[in-house]
Structure formats: structure tokens, C-alpha cells
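I opened a fresh page for this one and wrote down what I looked up, step by step. The ligand site comes before everything else in these notes.

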Amino acid sequence: MAHSLSVLEAQAFPVLTVSQISSLRPFGATRTARAGEILIEMGDTIAGLFVVLRGTTSILDRANDDKVLRTSGPGEFNGELGLITGQRAFVACIVNEPTTLLFIQSSSVHEIIATIPTLSDILVTAFAARRQLLMRDVVDSLTIIGGENDGNVLHLLEFADRNRIPHRWLDPANPEDRQSIVTCEASEGDPFRVVIGKHRVMDHPTPQQIARAVGLELKISGDGVCDLIVVGAGPAGLAAAVYGASEGLSAVVVEDTAIGGQAGTSSRIENYVGFPTGISGNDLAFRAEIQALKFGARITVPRRATALENRQQNYAVHLDESDDVLLGRSVIIASGARYRGLDIAGKDTFSGVIYHAATELEARRCRGKEVVVVGGANSAGQAAMFLSEHARQVHLLCRGSDLKSKMSQYLVDRLEHAPNVEICLHTEVVKLYGKSALETVEVKNNVTGLSTNIPASSLFVMIGADPSTGWLKGSILLDSKGFVRTGESAAASLFQSNWAGVFAIGDVRSGSVKRVASAVGEGSVVIQAVHRYLASLRELPPTTEMNHS
Ligand SMILES: Cc1cc2nc3c(=O)[nH]c(=O)nc-3n(C[C@H](O)[C@H](O)[C@H](O)COP(=O)(O)OP(=O)(O)OC[C@H]3O[C@@H](n4cnc5c(N)ncnc54)[C@H](O)[C@@H]3O)c2cc1C
């Protein structure tokens with residue numbers, strides 16, 4: 001959703017009409033508030049929506065000397081995306097003068113979103129736009145400190161960026177950043193640490209610890225049995241969540257890394273229907289996430305499914321880092337695929353500048369530099385094209401004899417015409433060199449055997465992916481390459497695995513078309529089979545065991 005600032009601001013801060021406020025009144029209670037009262041505190045769970053009826057309120061950036069980000073008057077409302085995701089507040093909201101408010105608790109906000117489409121549109125659009133503005137303005141609420149060659153730093157930056165956690169990055173090697181590092185009370189020594197707000201310093205935090213600290217992680221276990229557990233929030237899992245939740249299923253989505261999956265790492269998807277000028281994978285994922293939340297799906301990130309267990313009338317999905325277990329009557333496996341790495345000398349030394357995605361985040365680091373992209377399919381082509389807008393020179397290495405066999409013709413044409421893209425066929429990477437940072441990539445021509453050195457500060461490896469099915473070993477039937485086998489029982493759905501009630505969709509499914517549109521299509525169609533399966537359960541006598549042959 002790349003909108004201009006004025007469009008975003010208009011979407012973020014609408015003024016409700018008298019009749020819209022009247023429709024909201026039955027869901028809340030009118031109350032007065034005195035000047036100085038804090039309605040929302042940074043770091044706290046957001047209790048509900050505050051509609052200003054008389055007086056004014058202000059949004060403060062606590063991490064930035066209480067800078068006033070916005071003042072709201074009659075007809076405007078205070079509340080953010082955290083109201084539907086469960087995330088804690090990144091900013092504070094304070095009353096400026098004696099004010100009258102309509103307060104609507106967060107559970108009732110969910111009810112409004114589910115039952116009144118016109119108000120739902122206004123609220124959801126405002127929440128999404130506010131988060132985008134926060135990503136631009138409230139960068140100090142999470143400060144990531146560390147060097148650009150540190151893989152942990154990069155991993156956390158990617159996590160924050162892809163999960164839309166407002167943040168800033170300070171590099172101790174950058175003289176301009178040093179004063180800010182001192183100001184935000186981070187100690188000397190080991191450079192990798194994170195400061196939350198102004199004072200809370202965390203050394204070497206994992207994404208999961210950060211997620212917990214900002215309230216991104218949902219408490220989902222111990223909630224009883226839901227209708228549907230979706231493992232993976234790529235395009236397939238998100239579509240299943242949207243269609244499942246909108247059709248009345250209680251759905252919980254478990255995502256290991258970031259909402260959007262592989263598609264979320266694409267700078268521009270140009271072949272998805274309805275977006276003639278393309279859409280960034282991250283924006284597409286954000287739209288789908290909001291849509292799924294709007295219909296009542298619950299998403300938890302970063303949580304990894306580690307095993308699937310059949311417990312008679314339901315299934316248990318085991319989660320990482322704890323003994324947490326989620327129970328569901330049905331399960332959709334949408335865990336997709338993970339990029340392959342290159343087994344080359346120097347890969348561990350330079351892991352901080354070896355990327356498997358090319359988004360704005362990576363592009364910022366390549367501005368004006370030379371980079372190498374490895375791969376011969378669409379993802380490598382897209383990355384090379386996108387990086388050519390930022391890097392001085394892009395070297396695209398393909399070990400095959402042409403690009404056409406695996407890459408769409410439109411991309412081949414663009415690459416061939418890009419002045420700063422060099423296409424090197426029959427070329428493989430041998431070794432990475434550099435003193436403190438990557439400086440040179442040694443490559444070999446696999447026909448002539450000749451070696452050459454290419455100057456490069458980053459290496460983008462886009463050489464395909466393997467199915468993310470390690471967590472299913474010993475439970476679900478996989479094909480020889482590790483993809484989930486489906487559709488083998490004549491009567492069952494095309495997406496059903498060898499366990500009734502367990503389905504697989506998207507890239508993880510054996511024989512699937514590896515595209516965003518097909519993953520989304522499968523995510524929508526599979527819900528019909530889930531409904532059929534749940535209906536069949538209701539017909540079973542309570543003591544009957546399911547046949548999971
Ligand atoms: C750089 C790039 C560009 C691309 N460009 C295009 C394009 O332009 N057009 C197009 O049609 N296709 C494109 N593709 C392909 C497309 O992105 C994929 O086909 C699509 O994302 C598959 O969706 P999916 O939901 O099945 O799986 P994925 O997108 O792989 O999502 C799976 C999700 O499951 C999560 N997960 C994995 N294991 C676990 C676990 N154990 N527990 C919890 N979560 C787990 C992962 O973190 C991931 O988020 C591109 C791919 C890449 C990498």
C-alpha cells in the first residue's frame with residue numbers, strides 16, 4: 001500500500017459523521033476525561049477505541065521527548081492496529097483538556113468490524129494507514145544497534161521490517177550514529193543489542209523475544225480446540241485464513257518468520273491479477289493480514305510448528321521454544337518452501353551480506369555499489385532488475401546456457417536492456433573474499449573452466465527452495481523431494497493429505513504450481529473441503545475414532 005503521505009493521512013484520521021457516531025454508541029459508553037489523563041500508554045495493551053465527542057486528545061511519541069504526532073478533535077478516534085492484532089501500543093494518547101469520549105472496549109471493536117461493513121471499512125483502513133505512518137514517524141520506539149555485517153542484526157532488521165514493527169537501526173561503525181547510541185543508554189561492548197523505548201536494553205535478543213516485548217506474540221495455547229489451524233502465513237495460508245474466518249471458522253495461523261512468506265520478500269509481483277502496475281509482496285501480505293484479522297482469524301508470529309500429532313477427534317500442533325500445543329479439529333499445512341543456500345568457501349564469514357531476498361531493506365545497503373545475483377529463474381531476474389535501480393552494477397550469474405528456459409520472457413527482455421546489468425551464463429560462484437567486508441566474488445565458467453574475480457559488496461542467492469516439511473517427518477506422507485502428497489484418496493479433496501482433516505496447499509504441496517495466484521487460489525478452495533470434513537465429524541458418534549489411514 002504505497003500511498004502518498006496526504007492520502008495516508010486522510011485515510012488514517014477520518015472524522016466520523018453524527019450518524020456514524022450514533023451507530024457506534026450502542027457498543028460503548030460515554031465518559032468524561034480530565035486534562036492530562038492517559039488513555040493509552042506506550043507498551044501497554046490497547047484497551048479499546050476512544051471516540052472524541054467534545055475536547056481534544058494528542059498522540060505522543062514517548063521515545064522522542066513526547067513529541068506530539070497528532071491532535072484529535074470531535075468526531076475523530078484514537079486506536080491502532082494493535083486493537084485487532086493484540087499488539088501493544090507504540091505510542092501514548094493523552095487528554096489535552098476536559099473532554100467527553102465514547103469508549104468502546106476492544107472486544108466490541110471486533111464485533112463492530114464483524115457486523116457493520118461501513119464502520120468496519122473506516123476503522124480497518126484507518127488502523128492500517130496509522131501503522132504505515134507509525135513505520136515512518138515512530139522509528140525510535142525500537143532501536144536495533146549492530147554492525148551491517150552481523151547476520152543477527154540483519155535477521156532482526158528483516159523481522160522488524162517485514163512484521164511492520166516501527167524501528168530504527170544504528171551502526172556503531174557509523175560516526176553519525178554514535179551519539180544516538182550514547183543517548184539511548186546502550187552500553188559499550190558487544191555491539192548487537194536492542195533498546196525498546198528509551199530505557200529497556202536487550203542484549204542479543206531473538207525475534208521471538210522482541211515479538212514478546214512489543215506484544216506481537218499472541219497467547220494462543222490453552223484456548224481449547226479451534227476449527228482450523230493454519231501453519232504458515234504465506235499467500236496460501238493467508239488466503240485460507242481469510243476464507244476460513246469469513247465463513248465462520250475459528251482459525252488460528254502460526255507463522256515462523258514473517259507474514260507474507262516468500263511473496264513477502266518480492267519487491268514487485270507483476271503477474272498477480274488486479275495489480276496492472278505490480279504490487280510489492282510486503283504490501284500484498286499486509287492487505288491479506290488485515291483482511292484475515294478483520295474476519296476474526298488470529299495470527300501468531302514468530303512461532304514455529306515443530307510436530308503434528310493425531311489425537312483422535314482433533315490434531316495437536318506442537319510449537320517451538322516451549323511445551324505449547326495448539327489443538328484443532330482440522331489443519332492446513334501451508335508452510336511453503338525455504339530458499340537454498342550456496343555451499344561455497346567464505347559463506348560463513350560473509351553471512352551478513354548474503355541475501356535471499358531483494359526488498360527496500362537490502363537495496364538500501366547496495367546503493368551505489370556492485371552486487372552479484374545468483375540464479376536463473378524469475379526470483380533472480382526480479383531481484384537483478386530491482387537492484388539495478390539502486391546498485392551501480394549488477395552481475396547476474398546463471399550456471400545454465402540461457403535465461404529463457406526458467407525465466408519469464410518479459411524479465412529476460414528487461415534484463416537484456418538494462419545498462420547496468422551484466423548477464424554471465426555458464427557461471428558458478430567458487431569463493432568469497434574480503435578483509436573485513438565482502439570485496440570479491442570468485443567465479444568459474446563451467447564450460448571453459450576459467451576463473452575470474454568480480455568486485456561485489458553483497459551476494460544475492462536466488463537458486464530455488466526446498467519444502468518446509470521437516471516438522472512433518474513421521475506423520476504426513478511426503479513425496480521423494482519432501483513435498484506433501486495430497487489428493488490420493490478418491491473421495492477426498494485434491495488438497496487432503498493421507499490424514500483426514502489435514503490438508504496441504506501452496507508451494508508445500510506436491511505438484512503445485514509455484515505462484516502467488518495459485519497459492520491464494522488453493523487457500524480459498526480448500527476451505528470447502530474443510531467444511532465438508534468438519535460436517536462429517538459432527539455426524540460421528542462421540543466415541544467413534546477417526547480413520548486416519
Ligand atoms: C523473491 C521471490 C519472488 C517471487 N515472485 C513471484 C511473482 O512475481 N509471481 C508469482 O506468482 N510468484 C512469485 N514467487 C513465488 C511465490 O512467492 C510463491 O509461490 C508463494 O509465496 C507460495 O506461497 P505459499 O503460501 O505456498 O508458501 P510461502 O510463501 O513459502 O509461505 C510459507 C510460510 O510458512 C512459514 N513456515 C514454514 N515452516 C513453518 C513452520 N514449521 N511453522 C510455522 N510457519 C512455517 C514460512 O515462514 C512462510 O512464511 C516469488 C518467490 C520469491 C522467493
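Before listing neighbours I fixed a cut-off: a residue is near a molecule if one of its heavy atoms lies within 4 Å of it. I also noted that this is a predicted model.

**Entry: around the ligand**

I looked up what surrounds the ligand and got 36 residues, with Glu255, Gln262, Asn271, Gln382 and Asp507 as the closest. I sorted that shell by type: 14 residues are nonpolar, 14 are polar and eight are charged.

Next I went through some polar partners. Gln262 has a polar side-chain atom 2.7 Å from an oxygen atom of the ligand. For Ala236 I noted a backbone N or O atom at 2.9 Å from a ligand oxygen. For Arg515, again a backbone N or O atom is the partner, 3.2 Å from an oxygen atom of the ligand.

How much of the ligand's own accessible area does the protein cover? I found 93% of 1000 Å². Then I asked which elements give two or more residues to the shell, and wrote down helix 9 (235-246), strand 19 (337-339), helix 12 (378-388) and helix 14 (516-539).

**Entry: helix 12**

Since helix 12 is on that list, I checked its surroundings. Nine of its eleven residues are buried, so I call this helix mostly covered. Among the buried ones are Asn378, Ala380, Gly381, Met385, Phe386 and Ser388.

What covers them? My list includes helix 11 (360-366), helix 13 (409-417), strand 21 (370-374), strand 22 (393-397), strand 23 (421-424) and strand 27 (458-461).

**Entry: salt bridges**

A reminder to myself: side chains of opposite charge can pair when their charged atoms come close. I counted 21 salt bridges in the structure and looked at a few.

Glu37 and Arg31 meet through their side chains at 2.3 Å, N to O. Are these two buried or exposed? Glu37 has 17% relative accessibility and therefore counts as buried. Arg31, at 28%, counts as partly exposed.

The side chains of Glu80 and Arg131 form another salt bridge, at 2.6 Å from N to O. This pair links distant parts of the chain, 51 residues apart: Glu80 sits in the loop between strand 6 (77-78) and helix 3 (82-85), and Arg131 in helix 5 (residues 117-137). I have both Glu80 and Arg131 down as buried.

Then I turned to Arg303 and Asp324, whose side chains meet in a salt bridge at 3.3 Å, N to O. Arg303 is in the loop between strand 15 (298-300) and strand 16 (305-311), while Asp324 is in the loop between strand 17 (314-319) and strand 18 (325-333), so the bridge ties together parts that are 21 residues apart in sequence. Arg303 counts as buried because its relative accessibility is 4%. Asp324 has 22%, so I put it down as partly exposed.

I also found a network of salt bridges that links Glu41, Arg62 and Asp66.

**Entry: Ser512**

I picked Ser512, which lies in the loop between strand 29 (502-504) and helix 14. Its relative accessibility is 9%, so Ser512 counts as buried. Which residues does Ser512 contact, leaving aside its neighbours within four places in sequence? I noted Gly506, Asp507 and Glu522. With Gly506 I could add a distance: the backbone oxygen of Gly506 lies 2.8 Å from a polar side-chain atom of Ser512. Asp507 had already come up among the closest residues to the ligand.

**Entry: backbone oddments**

Where is the cis peptide bond I marked? It runs from Val301 to Pro302, with omega near 0°. Pro302 is in the loop between strand 15 and strand 16, and Arg303 has its place in that loop too.

I marked two positive phi values as well. Arg164 is not a glycine, yet its phi is about 55°. I located Arg164 in the loop between helix 6 (151-162) and strand 10 (168-170). Its relative accessible area is 10%, so Arg164 is buried.

His426 is likewise a residue other than glycine, with a positive phi near 55°. I found His426 in the loop between strand 23 and strand 24 (427-433). At 25% relative accessibility, His426 counts as partly exposed.

Key
Residues numbered from 1 in each chain as written. Predicted model: local features only at pLDDT ≥ 70, side-chain atom pairs only at ≥ 80, totals over all residues. Heavy atoms only, no water. Polar contact = N/O pair within 3.5 Å; in protein donor to acceptor, adjacent residues only side chain to side chain. Areas by Shrake-Rupley, 256 points an atom, 1.4 Å probe, with all protein chains shown as cover. Helix = DSSP H or I, 4+ residues; strand = E, 2+ residues; numbered from the N terminus. Nonpolar A, V, L, I, M, F, W, Y, C, P; charged D, E, K, R; others polar. Salt bridge = Lys/Arg side-chain N within 4 Å of Asp/Glu carboxyl O. Buried < 20%, exposed > 50% of the residue type's maximum accessible area, 1.4 Å probe, protein only. Contact = heavy atoms within 4.5 Å.
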